[in-house]
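Visitor: I've got a model on screen and a few labels I'd like explained. Could you show it and walk me through them?

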Amino acid sequence: MGYEQPTYELYTYFRSSCSARLRIALNLHDIPYKAVYVHLLKNEQLTDEHRAINPSLSVPVLVVHKSAEDSFAIPQSTAALEYLEENTASNSHYRPLLPKNPELRAVTRTLVAIISADIQPVVNLRVQRGIKELGADPNPLCRQTTEAGFAAYEAVASKVAGAFSVGDDITLADVCLVPAVWSAARFGVNVNKYPTIARVAARMEEEDAVKRAHWRNQPDTPEEFRQP
């Protein structure tokens, strides 16, 4: 017997900014999901079990159960975000995260790529570990890369921003930006140097969907990192 609507599992880690993108988007769409916690510092992403659903050995992974017999995994966050946009529009609580205007859709995807392709590949845990194994401190490179990416994001977003990065509605750009701002704080980046980013991130922090997705508020967040 199949499900009336797909059900979702999200393989996630509390401090993974890519996982946070999916947590925010699922919350915005009001889509319930089962969280499966993968502790990256304990190398749980390197197990054979995890490799079977994500050969890239990372999180997040969004597993979609279309029926009792039909499931598939999406092991890249931006692909999962696009999937939700394309396949959940019939849900009564669906909240579009891409503009209807094709030019603004392209701008949104450009901003997503600045975060996901320019910044994230350098600052992720795998690269940081590799730099440390070479005997160097990864923080300066992570800070420099984030600042360069934020400068590019600011230049693009400042031309189209309203209440959010692209106009007055939340888009996938904002969904990706907020976790990047959380991550940037760890590297000593002063987000106030980027007024559009700072304003939009602060506005996003007011959203209940973002509050529930915050890395300090996850069930797998260690007690010492939890919100007071």
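Visitor: Which element gives the largest share of the lining of the largest cavity?

Guide: That's H4, with 4 residues. Keep in mind that we're looking at a predicted model.

Visitor: Which residues make up that lining?

Guide: Ser17, Arg21, Ile115, Ile119, Gln120, Val123, Thr146, Phe150, Ala180 and Ser183 line the largest cavity. The elements that each put two or more residues into the lining are helix H1 (17-28), helix H4 (102-123), helix H6 (139-157) and helix H7 (172-186).

Visitor: What makes this space a cavity, and not a pocket?

Guide: A 1.4 Å probe fits at the points of a cavity but cannot get out, while a pocket is an open set, so the trapped probe is what earns the name. The structure holds 1 cavity of 30 Å³ or more. The volume of the largest cavity is about 60 Å³.

Visitor: How do the lining residues divide by type?

Guide: There are 5 nonpolar, 4 polar and 1 charged. Arg counts as charged, and Arg21 is part of the lining.

Visitor: Now the backbone. What is notable about the phi of Asp30?

Guide: Asp30 has a positive phi, about 60 degrees, even though it is not a glycine. You'll find Asp30 in the loop between H1 and strand S2 (34-37).

Visitor: Why is Asp30 called partly exposed?

Guide: Asp30 has a relative accessibility of 44%. Buried needs under 20% and exposed needs over 50%, so Asp30, falling in between, counts as partly exposed.

Visitor: And Leu57: buried or exposed?

Guide: Buried. The relative accessible area of Leu57 is 16%, and the cut-off is under 20%, so the label follows. Leu57 also has a positive phi of about 60 degrees without being a glycine, and its place is the loop between H2 and S3.

Visitor: Which peptide bond is cis, and how do you know?

Guide: It's the bond from Val59 to Pro60, where omega is near 5 degrees. Pro60 sits in the loop between helix H2 (48-53) and strand S3 (61-65).

Visitor: Where does UniProt place the "GST C-terminal" domain?

Guide: An unreviewed UniProt entry puts that domain feature at residues 101-223. Such annotations may be inferred rather than shown by experiment.

Visitor: What is the helix and strand content of residues 101-223?

Guide: The span is 66% helix and 0% strand, and its end C-alpha atoms lie 44 Å apart.

Conventions: Residues numbered from 1 in each chain as written. Predicted model: local features only at pLDDT ≥ 70, side-chain atom pairs only at ≥ 80, totals over all residues. Heavy atoms only, no water. 1 Å grid on protein atoms, 1.4 Å probe; cavity = no way out; pocket = protein on both sides within 12 Å on 5 of 7 lines; lining within 4 Å. Points joined across faces, edges and corners; volume = space filled by probe spheres on them. Buried < 20%, exposed > 50% of the residue type's maximum accessible area, 1.4 Å probe, protein only.
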